[in-house]
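Work through the exercises below with the sequence and the 3D structure at hand, and try each task before reading its solution.

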Amino acid sequence: METFDIQRVRADFPILGREVNGKPLVYFDNGATTQKPKQVIDAIVNYYADMNSNVHRGVHYLSQISTDAFEVTRRKVQSFINAAHEHEVIITKGTTESINIVASCFGRTFIGEGDEIIISAMEHHSNIVPWQMLADEKGCVLRIIPMNDRGELDIEAYNALFSERTKLVSFTYVSNSLGTINPVKAMIDLAHQHGVPVLVDGAQAIQHIPVDVQALDVDFFAFSGHKMYGPTGVGVLYGKEELLNKMPPYQGGGDMIKDVTFEKTTYNELPFKFEAGTPNIEAGICLGDAIDYINSIGLDAIHAYEEELLAYASEKLATIEGIRFIGTAATKSSVISFVVDGIHPYDIGVILDKLGIAVRTGHHCAQPVMQAFGIPGTVRVSLALYNTKEEVDLLVAGLERAVRMLK
Ligand code: PMP
C-alpha cells in the first residue's frame, strides 16, 4: 500500500462491520487491545486447519512446518525491531511476562539488599509490581522519576536519582494513561553514562512508532502482540545477548534444557533457555502475520495518520464543556485521557457504550498516575490505524449528549 488508504485498512478488520447496541461499532479502546485484521484471523484458522503440531520437538512433517513458522516469527520480530541477533528475541506471553522475566532473572541475580531500581511515576502496574515484589524479597529500593502536571518526566530529577547502588532503570516508552512519549534515547544514554542497564516497556509504542533497539541501545525491550493487531497470549522480550547469557532461566521444563539427569541439568542456549514448555504456538506464528500487516502499510504512514487523527480529536474534544485533559505533554502518542467536571468517568463510558462507542474508563492499571492528578480515573480514548475523523465526530456528539444528560 503506497499511500494510506483508510477505507482499505478498515475493510481488513471484520469486527468494524458489526453493530453494538444497534449502532455501528466505534472502537476507541485500542490501548487495551487492538482489533485483528483478516490476515491475522485467517492465519490463526490456517494454523489449526493445516499445521497444528508442537514445536521444537518432532521429526515429523507437521512439527517441522510449525517449528519453521514459529521461528520465522522470531526473525520477523528481529527485523521489525532491528535486533542484532534472532536469539535475542524471546517469545513470551506478553509485556507483563517479559518484565517479570527481567525482574526475576536479572533482578534476583544482580540486585541485592540496599540496591536501587529507578522506575517512573507514569508506569503501568506491570512495570511497578514486579519490582516491588523483588524489593520485598531482596530488600532493594525503588526510586521514582517524578513528572510535572502535563505528564512529562523530570529529566533533571531523573539524573539526580542515580547513585552507586543503582542497578537497573525501567520505564515506559509511551504512557498508556497519559499518552506521553518519553525521550527514551536520551534517558537510556543517561543511564548508560551511569553504567546502568535499561528496560523499556514498549507496550504502547510498538504499534505506533518505529523501534530500532540497536539505535536506542536499549538493554531490554518488552511488548505484547495483542496491542499490535496480533493475537493475545504472545509477546516479546528483547534482551542484549550478553545480558541474557548472564541470566539464569525463568522457568524449568521442556525446551529450556540441553540435557537432564537426576544429578545435573544443563540449560539450552538462547533463546530457548527462556522459553520453557509449549508456547502459545498459533499466537507465536500469527504475531508474524501481524508484523507483515503493519509492514504492508508502513509504520511511518501509520504514525503520520495517527498523529493527524490525534490532533483532530484533541481539538474537537476541547470544545466539550467542562473537559479537562489529563496528560498534555508536548510529545504524545494516540491516547487522550480526560475528565469532565462533576461527572464520573464511568457514567460517561456507559452512555457512550449505549451509542456503540467503546472507550475505557478507570485507572488504566496506573493508579499512581491517578493519585498524582488527584482523580479516581479518566475516560480514555486510544486511537488505532483504523479510526477515522467521522468516528471522532460521533464521539464528540456522544459526549455532548452524555454531558447534557449527566449535568
Ligand atoms: N505496559 C503498558 C504501558 C501497557 O499499556 C500494558 C497493557 N495495558 C502493559 C504494560 C501490560 O501488557 P499485557 O497486559 O499485554 O502484558
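**Exercise 1. Find how many cavities of 30 Å³ or more the structure holds, and describe the largest cavity.**

Solution. The structure, which is a predicted model, holds two cavities of 30 Å³ or more. Here a cavity is a set of points, on a 1 Å grid over the protein atoms alone, where a 1.4 Å probe fits but cannot get out, and lining residues have an atom within 4 Å of a point. Grid points are joined across faces, edges and corners, and a volume is the space filled by probe spheres set on the points.

Next, take the largest cavity, which has a volume of about 50 Å³ and is lined by His-208, His-303, Glu-306, Glu-307, Leu-310, Lys-332, Ser-333 and Ser-334. Sorted by class, this lining has one nonpolar, four polar and three charged residues, where Ala, Val, Leu, Ile, Met, Phe, Trp, Tyr, Cys and Pro count as nonpolar, Asp, Glu, Lys and Arg as charged, and the others, Gly among them, as polar.

Residues are numbered from 1 along each chain as its sequence is written. Local features need pLDDT of at least 70, side-chain atom pairs count only at pLDDT 80 or more, and totals for chains, interfaces and linings use all residues, while side-chain values use heavy atoms and leave out hydrogens and water.

**Exercise 2. State which residues line the second largest cavity.**

Solution. The second largest cavity, with about 30 Å³ of space, is lined by His-56, Phe-70, Asp-255, Phe-272, Glu-275, Gly-277 and Pro-279. By class, its lining has three nonpolar, two polar and two charged residues.

**Exercise 3. Describe how domain 1 and domain 2 meet.**

Solution. Begin with the bounds, which come from an automatic or database domain assignment: domain 1 covers 6-30 + 298-402, and domain 2 covers 42-295. Then count contacts, meaning heavy atoms within 4.5 Å: 35 residues of domain 1 are in contact with 30 residues of domain 2.

Key:
1 Å grid on protein atoms, 1.4 Å probe; cavity = no way out; pocket = protein on both sides within 12 Å on 5 of 7 lines; lining within 4 Å.
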